[in-house]
There are 4 protein chains.
Amino acid sequence: MNKLLDESLITFAENLQLPEKVVDTDTIPWIPYDDGNCYFKPLRFDFTSGTWTYLFKIKGNKTLTRHRHTGGSVVGYNLQGNWRYAERDWVAKPGTFIFEPPGDIHTLITEGEEEVITLFTLGGALQYFDEDNQIIGQDDIFTVYKKYCDFCKEHGLFQRVDLIY
Amino acid sequence: MNKLLDESLITFAENLQLPEKVVDTDTIPWIPYDDGNCYFKPLRFDFTSGTWTYLFKIKGNKTLTRHRHTGGSVVGYNLQGNWRYAERDWVAKPGTFIFEPPGDIHTLITEGEEEVITLFTLGGALQYFDEDNQIIGQDDIFTVYKKYCDFCKEHGLFQRVDLIY
Amino acid sequence: MNKLLDESLITFAENLQLPEKVVDTDTIPWIPYDDGNCYFKPLRFDFTSGTWTYLFKIKGNKTLTRHRHTGGSVVGYNLQGNWRYAERDWVAKPGTFIFEPPGDIHTLITEGEEEVITLFTLGGALQYFDEDNQIIGQDDIFTVYKKYCDFCKEHGLFQRVDLIY
Amino acid sequence: MNKLLDESLITFAENLQLPEKVVDTDTIPWIPYDDGNCYFKPLRFDFTSGTWTYLFKIKGNKTLTRHRHTGGSVVGYNLQGNWRYAERDWVAKPGTFIFEPPGDIHTLITEGEEEVITLFTLGGALQYFDEDNQIIGQDDIFTVYKKYCDFCKEHGLFQRVDLIY
């Protein structure tokens, strides 16, 4: 079986391969996400693909701005609280897994008092609509990363370099 | 702003786009993963890229077979219990996020009595080693999906079609 | 070695796996891309990731609209003609391979009379700027696919279903 | 429209974003690929995802070892020569685009005297079979990169660092 994976290859690969990333989310602060209702803990920014992963926290009984995921998908795993999309019938409870294909348009609503915390991996851009379907703002990997950098500067926090790949 | 995203495009996109997937993990059974120590709940199989997502459960105080992730990465978010790799210094607690680049070789050890539950997204293949570094088995999206299908057949369970994308 | 890949798994996988896609680009028409200077042949639309692949043809001696790749990368392999970005020093000749990370902003200029033909794979969205850095339009997998569908309808052409994955 | 993409974000993103990669394939040597029949020019190694891109050259009238793409897909664009898979009916000519999903098993045959040159992007691992369906070897991003590094060392060539992302 040496042909499959010999020692020299394993040594070569171990020297070459990227270090793994390990983030204890307890050590990451909740960073405000613009609107006063949402916060995030950044976990990973992949600047080769434009995707990022964060914990996203939303206050209870809120309705977020309707938006479209342009050019990227959303993968979510809900950890705490309940939320739904105004445009859909299902409710995300703790333990609900969600895959939303690129192009999805929705309005997130948190149900009840409890804060929602969801693990999300997103790509592409979020584009926010006003009531006339005009785009009034957008986020992508750069704007989210900038929120993190700005927050660190403002609060004199160490900006982790190991969140980037 | 109509040029950015006009109504006809939104209608077109909404008709075309793939339906979202929503999986209430409470409704998915724990499926044995070969060795008597591990179980999984399948959440998503992406047969265009070869990546899959599952909840992975491991009994306490176990040492799993040393393996290499060949040709794909591992992204994990630990939900319950504590585990570590024999080859590393850190310990995954609830709330630890992990990104392991392709090629990583490790031996997972669960610490303490408590069962470990981790959300994992994997690509490529897992190749298992014996003590002489010989490959003694492997898993990829097809073997994992086959475990799910076989389990459903054996127990007369409905095999969900919405886990595939 | 049966443990690595036994016959039952191979049969299972072959029954399950997606059919391959084979596109003879000679059979695909050049489809106008809005501005009178560009045409494309669609090759693949991946609606789970938002990426698409096309042959892109540009007339000689043209300067395209400055744009940003928001939330996705560009991978290109130039097949014919010469082009460059106004913002860069290098020139793409036949046989030049290009990887542009998400966020890149550039103005494509074709050099000389010869038409340019480049194989591109793109994700995320293209956002076009006017001279005051205002966004005046955007494209993503849906707008490109819509151009293809509209062209087929208009010209009574069969719309291939095997371009989608 | 400043809200969509203001100047400070553009400056921030341009400072942060990864440099683009531009590879003039004329400057890359053809590197032997083990078997005496094949050569490659490396274009990109993405060690976060395990995918790589290369130009692959195969002598005319050859039959390559039957193999399976485990845990990753193949995307190809044929530039020169004709080839087919023993297991399929279609023939790849210059200008044929191919997407093969993960798990595909095939035996590549070059038709005629002319050398084949195809642009391939691959992920996961290739596993080679003997006539009894036993796995006799495998390649992934690390083995391919190692062939490149070994060739550079052996021939005293500069090993490009900009092929890695």
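**Chains that meet in pairs**

Between chain D and chain B, six residue pairs are in polar contact, with both residues of each pair at pLDDT 80 or more. On the chain D side of this contact, strand S5 (67-70) and strand S13 (125-129) each supply at least two of the residues that touch chain B. These values come from a predicted model. The model has an ipTM of 0.94 and a pTM of 0.95. For chain A the mean pLDDT is 92, and 98% of the residues of chain A reach 70 or more.

We stay with chains D and B for the moment. Chain D gives 22 residues to the contact, and chain B gives 22 residues as well. The two chains bury about 1400 Å² between them, and carbon and sulfur atoms account for 55% of that area. Which residues of chain D lose the most area to chain B? They are D:Gly71, D:Pro102 and D:Phe142, which together make up 29% of what the chain D side buries.

Charged side chains also take part in this contact. Two salt bridges are counted between chain D and chain B. A salt bridge joins the side chains of D:Asp140 and B:Arg68, with a distance of 3.2 Å from N to O. A distance of this kind counts as a salt bridge because the cut-off is 4 Å between a side-chain nitrogen of Lys or Arg and a carboxyl oxygen of Asp or Glu.

How are chains D and B placed relative to each other? A rotation of 180°, with 0.0 Å of shift along its axis, superposes chain D on chain B with an RMSD of 0.0 Å. Among the residues of chain D, D:Gly124 comes closest to this axis, with its C-alpha at 2.2 Å. Both copies use the same surface, as 100% of the contact residues of chain D recur in chain B.

Chain B also meets chain A. Here 47 residues of chain B are in contact with 47 residues of chain A. The area buried between chain B and chain A is about 4000 Å², with 59% of it from carbon and sulfur atoms. On the chain B side, B:Glu20, B:Phe97 and B:Phe99 supply 17% of the area buried against chain A, more than any other three residues.

How many salt bridges cross the interface of chain B and chain A? There are four. In a salt bridge between A:Glu20 and B:Arg88, the closest N and O atoms are 2.9 Å apart. In addition, twelve residue pairs are in polar contact between chain B and chain A, both residues being at pLDDT 80 or more. Several elements of chain B give two or more residues to the side that touches chain A, including helix H1 (7-16), strand S3 (38-46), strand S4 (51-58) and strand S9 (96-100). The largest share of that side, five residues, comes from S9(B).

Chains B and A are likewise related by a rotation. A turn of 180° with a shift of 0.0 Å along the axis lays chain B on chain A, and the RMSD is 0.0 Å. That is the relation of a two-fold axis. The residue of chain B that comes closest to this rotation axis is B:Leu79, whose C-alpha is at 4.4 Å. Because 100% of the interface residues of chain B are also interface residues in chain A, the copies meet through the same surface.

The last step is to look inside single chains. Strands of a sheet pair through backbone hydrogen bonds, in either a parallel or an antiparallel way. In chain B, four strands form an open sheet in the order S10-S5-S13-S14, with antiparallel pairing. Strand S10 (105-106) and strand S14 (135-139) of chain B stand at the edges with a single partner strand each, so one side of each has no neighbour in the sheet. Four bridges link S13(B) and S14(B) in the antiparallel sense. B:Gln127 has B:Gln138 in S14(B) as its bridge partner.

Chain D offers another open sheet, made of three strands in the order S8-S7-S11, and the pairing is antiparallel. Its edges are strand S8 (91-92) and strand S11 (108-111) of chain D; each has a single partner strand, so one side of each is left without a neighbour in the sheet. Strand S7 (residues 82-85) of chain D is joined to S8(D) by two bridges, and these strands run antiparallel. The bridge partner of D:Arg84 in S8(D) is D:Val91.

Technical notes
Residues are numbered from 1 along each chain as its sequence is written. Chains are lettered from A and ligands numbered from 1 in the order in which they are written. Side-chain values use heavy atoms; hydrogens and water are left out. Copies are superposed by least squares on the C-alpha atoms of residues with pLDDT of at least 70 in both. Contact means heavy atoms within 4.5 Å. pLDDT is the predictor's confidence in each residue, from 0 to 100. Two strands pair if DSSP finds at least two bridges between them. Buried area is the accessible area (1.4 Å probe) that two parts lose on being put together, summed over both. A polar contact is a pair of N or O atoms within 3.5 Å; within protein, one must be able to donate a hydrogen and the other to accept it, and residues adjacent in sequence count only if both atoms are side-chain atoms.
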